[in-house]
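Biologist: Let us go through this model and test each label against its cut-off. Where shall we start?

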Amino acid sequence: MGDRWYSEAVVYCLDIDTFADSDGDGVGDIQGLIGRLDYLARLGVTCLWLHPIHPSPNRDDGYDATDFYNVDPRFGTLGDFAELLHQARNRGIRVIIDLVVNHTSDEHPWFQSARSSPDSPYRDWYVWSAEEPPDRRQGMVFPGEQRETWSYDRTARAWYYHRFYRFQPDLNMANPAVRAEVKKIMSFWLQLGVSGFRMDAVPFIIELTEPGNANSPKDLDLLTEFRQHVQWRRGDAILLAEANVEPDQLPVYFGDGGGSANRLHMLFDFMLNGRLMLALARQDPEPVIEALRDTPALPVGAQWATFLRNHDEIDLSRLTAEQRNQVYAQFGPDEDMRIYDRGIRRRLAPMLGNDRRRIEMAYALQFSLRGTPVLRYGEEIGMGEDLSLPGRQAIRTPMQWSFKENAGFSTAPPDKLVRPVIDKGEYGYQTVNVTAQRRDPRSLLAWFERMIRTLREAPEIGSGSTTHIDVPMPPGVLAHRADGPTGTMVFLHNLGTEDVEVDLSLLQPEADQPIDVLSDRGYGDVGKLERLQLAGYGYRWIRLRRGC
Ligand code: GLC
């Protein structure tokens, strides 16, 4: 593995509270996670991204912290966390944590002090307006659940700004004391041994909010400052950011244009995510080809993070209304599968009709595209969602470990669980669980293990360049290649249902004993690449050439 470990990583994200409960109180905890590290190591995960771990009233699943220097007592202690880092490192697994510093909980002592008096030393840590801002009903992130972005606080006798829910007051990044505090928070966790941060809501962190100005200026240099700080404290630490902005605005999040990335190391590729969903819905690779083509060139050292599902809704807001409706029609036909007028609150397996071939093809495609793949817990066994739960909780149900009560997640009485386990139907834990799949070499879990092992043997996928192979293809088929110093991989993915034959003989001159390294079935020899069979929803990863 090269210096840039994040280019060749496999990231797995999870919420400690729904992963594994070691003490039977119904809430997952750090010890529970430690007990499952071998499972993650076997799967091939090299980096864990933990959703917020701090004490929190949990009105937004921990994205509302009351103390950035501690872990939620429901999860354990700081001592447990240090042990987790040690045990993970022993298995070659790094840990990054969510850094949610756009806002705090309104119960955070800083906000309590800030609201209590204009003379509080924390008053200027938040964003206030004495008058009612004219744009107070603009810019909501959670339409339907949030009515305004400025709320009046009677104790403070002033309006405060909150880009997200009203219980999440925004910190004032224009205040040097706040910036210094954020750096201190980063230092603290780096010192404990985390390998970096998933930075929440970056476009809003850098916004220097002015009441009445819906287009407040953004201070991108703040990202340079954070990057410098992180890198001085720990040379190999990374910043992986959530910045769901228009594609042409993305490059400045990576760097200031000076050649190499001097701001964020990685960004989630939201644009690709939306286009992938459209491509799957239409059974047509064109949107992915467009995404590959439209991807802005990245500065040296910058990297995408790809995903099919994360802990939030699938955000389709960057598609046109017509495209969005096509995705809805296929993957979110019922009103209660949709959320915030822009997305879908479902897991991938049910969206794809629990069609095993299609699920494999979709994940093989994600993992073979440029960037570092991020996998959400439970996807590796094909978990479903629980639409009876409100909002995004539908996709945040406990991990399904076994046939035991509560899916082996916890020994607490079912009514004491942090969230109910899925215990009915096709996706109930009686059918979908780790134990069952571990015993079965043909299971989805076994497939993920194999696929990830194959990926690790082809580092050009993560750190090389990815291009569309632009030759005539049967409808539904995407051909692309990854090139790097380690060689060349060629990929075929059939998004459609028809069996087809593909001619890639133009690649023959480059080939050096080409061979299938991963495929949905045994296809026989690749021959001269001129008559490659490909089943409906099939895929083939072919090693074309080995490099140095
Ligand atoms: C990010 C998180 C989301 C959270 C929000 C507010 O978008 O992904 O889960 O609700 O920030 O912190």
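Modeller: With a side-chain pair. The model is predicted. In it, the side chains of Glu379 and Arg347 are joined by a polar contact of 3.0 Å.

Biologist: What makes the pair Glu379 and Arg347 a polar contact?

Modeller: The cut-off for a pair of N or O atoms is 3.5 Å. The side chains of Glu379 and Arg347 are joined at 3.0 Å. That value is within the limit, so the label holds.

Biologist: Where is Glu379 placed?

Modeller: In the loop between β14 (372-376) and α14 (434-439).

Biologist: Why does Glu379 count as buried?

Modeller: Its relative accessibility is 3%. Buried means under 20%. Glu379 therefore counts as buried.

Biologist: Which residues is Glu379 in contact with, leaving aside neighbours within four places in sequence?

Modeller: Arg309, Arg347, Leu348, Tyr363, Leu444 and Phe448. Contact needs heavy atoms within 4.5 Å.

Biologist: How far apart are the C-alpha atoms of Glu379 and Leu444?

Modeller: They are separated by 9.3 Å, with the two positions 65 residues apart along the chain. The contact cut-off applies to heavy atoms of any kind, so a C-alpha separation does not decide it.

Biologist: On to the strands. What closed arrangement do they form?

Modeller: A closed barrel of 8 strands, in the order β1-β2-β3-β7-β8-β9-β10-β14, with parallel pairing. From one strand to the next, the twist averages 25°.

Biologist: How do you know that β9 and β10 pair?

Modeller: Pairing takes at least two bridges. Strand β9 (residues 266-268) and strand β10 (residues 303-306) are joined by 3 bridges, so they pair. They run parallel. One bridge links Leu267 to Trp304 in β10.

Biologist: Which residues of helix α10 are buried?

Modeller: In α10 (residues 286-294), these are Pro287, Val288, Ile289, Ala291 and Leu292. The buried residues of α10 pack against α9 (270-282), β15 (465-468) and β16 (477-484).

Biologist: Now the ligand. Which residues are around it?

Modeller: Among them are Asp60, Tyr63, Phe142, Phe164, His311 and Arg392. His103, Arg198 and Glu242 are also on the list.

Biologist: What makes Glu242 a polar partner of the ligand?

Modeller: A polar side-chain atom of Glu242 lies 2.8 Å from a ligand oxygen atom. The limit is 3.5 Å, so the pair qualifies. His103 has a polar side-chain atom 3.1 Å from an oxygen atom of the ligand. For Arg198 the value is 3.1 Å. The protein covers 96% of the 300 Å² of accessible area that the ligand has on its own.

Methods
Residues numbered from 1 in each chain as written. Predicted model: local features only at pLDDT ≥ 70, side-chain atom pairs only at ≥ 80, totals over all residues. Heavy atoms only, no water. Helix = DSSP H or I, 4+ residues; strand = E, 2+ residues; numbered from the N terminus. Buried < 20%, exposed > 50% of the residue type's maximum accessible area, 1.4 Å probe, protein only. Polar contact = N/O pair within 3.5 Å; in protein donor to acceptor, adjacent residues only side chain to side chain. Axes fitted to C-alpha atoms, helices over the stretch in contact; angles between N-to-C directions. Near = heavy atom within 4 Å. Areas by Shrake-Rupley, 256 points an atom, 1.4 Å probe, with all protein chains shown as cover.
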